[in-house]
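Subject: A structure for you to look at

Hi there,

Here is the structure I promised to pass on. Please open it first, and then read my notes beside it.

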Amino acid sequence: MKEILQDASREELDALCAEMGEKKFRADQLYRGLMQGKKISEIPGLSKEFRARLAERFEDEPVRIREVFRSSDGTEKYLFELADGNLVEGVLMSYKYGKTQCVSTQVGCRMNCAFCASGLNGLVRNLTAGEILSQILVVNARAGGGVEKRAVTNVVLMGSGEPLDNYDNTVRFLKNVTAAGGICISARNISLSTCGLVPKMYDLAEEGVPVNLTVSLHSPTDEERERIMPVAKAYKIADILKACDHYFKKTGRRYIFEYSLIAGENADAAHAERLISILKGRPCHVNLIRLNEVKEKNLRGISEKDAYRFLGLLEKGGLSATLRRQIGADIGGACGQLRAGYIEKNAEGTGETCPE
Ligand code: SAH
């Protein structure tokens, strides 16, 4: 694979253009075109010679939308193709206030959570910062957005992969996506979800990109958590909570716990009680999700009624909590790992596939 030009920060792009003997306004044109989600070969105004030299060194189109699955409530799910042929997924969800895009940070994942489809075949490779960013650039363009007027307003790092297991590329992406003059999505409109890689959570607090920190908890005790999340053997809940509090102190951002309700594993009244005892009084919110059943896995979800009962127990115990609806099986079912945490309405779509 060639290099990914979208990995570069604005400053690096300026330096590169200078090195290649191009004037500053060419760098402006190039940067603007990239931020508009254009292929390098389609960016207007560049000389033939400059274009040819760029084409020699950089991928023309690092992320291509290969398929779009559309749901009746406006939710779209994308299959992205990377320059080396690898595939990742993403979702765009529409709200009153804007659109939230869910992006992937790795092809596959090595965390191997018992309920998740992403880890079924292990980690294939990390995405580069520019490949993470390009998922947003191409979707923003497709949705009619530009640089000044973005169509994509919010971002969640909840697609395939563990963002903190691809730390350097993820942080570079966060710096580039929030940079002034670019697509410039504010850190407070970005949520990073982690399975709880404690040392990296401390590192993230120092990066100067105060994104919302979301932790996949899924169980209130270490023993039970280890059964569904192998990573729990390495990092204990008490240490995760300490890291979250540190993050809160550093950034002032309240943190969120994700809790996917799984029958017979983590969804009894006793689990709710235990959750209340460990989380009460903390500056946090709990997002309950009904399990999105993955056919390769042997875990089952609970009924909506039981999920509301669980939610009621948490609220009665003084926790801030919500139950999020699932992405409709019609478009989300194939994916399993893409949680519907930010979907407010159930996406009961047509499952219509539109090859691009
Ligand atoms: N690796 C990161 C982010 C990717 S997964 C993390 O672990 O947080 C995004 C969220 O979806 C996580 O909370 C994950 O546990 C959850 N998830 C994965 N598969 C799921 C499924 N089948 N049903 C419900 N939630 C699931």
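Before the details, one definition will help: a residue is called buried when its relative accessible area is under 20%, exposed when that area is over 50%, and partly exposed in between. Please also keep in mind that this is a predicted model.

**Salt bridges**

A good place to try out the definition is D245. Its relative accessible area is 22%, so D245 is partly exposed. D245 forms a salt bridge with R282, and their closest N and O atoms are 2.5 Å apart. Because D245 sits in helix α8 and R282 in the loop between α9 and β11, this pair ties together parts that are 37 residues apart in sequence. R282 has a relative accessibility of 27%, so R282 is partly exposed too.

Side chains of opposite charge can pair when their charged atoms come close. How many salt bridges does a search of the whole structure find? The search gives 24. One of them joins R142 to E76, with 3.1 Å between the closest N and O atoms. This pair links distant parts of the chain, since R142 belongs to helix α4 and E76 to strand β2 (residues 76-82), 66 residues apart. Is E76 buried or exposed? E76 is buried, because its relative accessibility is 12%. R142, at 28%, counts as partly exposed.

In another pair, the side chains of E293 and R300 meet with an N to O distance of 3.5 Å. E293 is partly exposed at 40% relative accessibility, and R300 is partly exposed with a relative accessible area of 40%. You can also look for a network of salt bridges that links R10, D14, K24 and D28.

**Domains and where two of them meet**

The chain is divided into domain 1 (5-57), domain 2 (62-194 + 336-356) and domain 3 (198-325). In the contact between domains 1 and 2, 11 residues come from domain 1 and 17 residues from domain 2. About 1,100 Å² is buried between domain 1 and domain 2, and carbon and sulfur atoms give 51% of that area. Which three residues supply the most of what domain 1 buries against domain 2? They are Q6, D7 and M35, which together supply 54%.

Two salt bridges are found across the interface of domain 1 and domain 2. There are also six residue pairs in polar contact between domain 1 and domain 2. On the side of domain 1 that touches domain 2, helix α2 (residues 24-35) gives the largest share, with four residues.

**The nonpolar core**

In soluble globular proteins, nonpolar side chains tend to be buried together. Here the largest nonpolar core has 98 residues, and L30, L54, F173, L204, L279 and L314 are those with the most contacts inside it. Helix α4 (residues 129-142) contributes the largest share of this core, seven residues. Apart from it lies another core of six residues, including V91, M93, C102 and M158.

If you want to follow one core residue, choose L314. Beyond its neighbours within four places in sequence, L314 touches A272, L275, I276, V286, L288, L319 and A321. Helix α9 is worth a look as well. Its buried residues are H271, A272, L275, I276, I278 and L279, and they pack against α7 (222-228), α8, β10, β11 (284-290) and α10 (304-316). After α9 comes G281, whose phi is positive, near 85°.

**Two buried residues to visit**

C244 is in helix α8 (residues 237-251). It counts as buried because its relative accessibility is 0%. Setting aside neighbours within four places in sequence, C244 is in contact with M201, V215, Y255 and F257. E265 lies in the loop between β10 (255-261) and α9 (269-279). With 17% relative accessibility, E265 counts as buried. Outside its neighbours within four places in sequence, E265 contacts E224, R227, I228, H271 and L299.

**Two positive phi angles**

N112 has a phi near 55°, a positive value in a residue other than glycine, and N112 is placed in the loop between β5 (106-108) and β6 (123-126). C184 is not a glycine either, yet its phi is positive at about 50°. C184 lies in the loop between α5 (167-178) and β8 (190-194).

Happy exploring!

Definitions and conventions: Residues are numbered from 1 along each chain as its sequence is written. This is a predicted model: local features need pLDDT of at least 70, side-chain atom pairs count only at pLDDT 80 or more; totals for chains, interfaces and linings use all residues. Side-chain values use heavy atoms; hydrogens and water are left out. Buried means under 20% relative accessible area, exposed over 50%, partly exposed in between (1.4 Å probe, protein chains only). Contact means heavy atoms within 4.5 Å. A nonpolar core is a set of buried Ala, Val, Leu, Ile, Met, Phe, Trp, Tyr and Cys residues joined through side-chain atoms within 4.5 Å. Domain bounds come from an automatic or database domain assignment. Buried area is the accessible area (1.4 Å probe) that two parts lose on being put together, summed over both. A salt bridge is a side-chain nitrogen of Lys or Arg within 4 Å of a carboxyl oxygen of Asp or Glu. A polar contact is a pair of N or O atoms within 3.5 Å; within protein, one must be able to donate a hydrogen and the other to accept it, and residues adjacent in sequence count only if both atoms are side-chain atoms.
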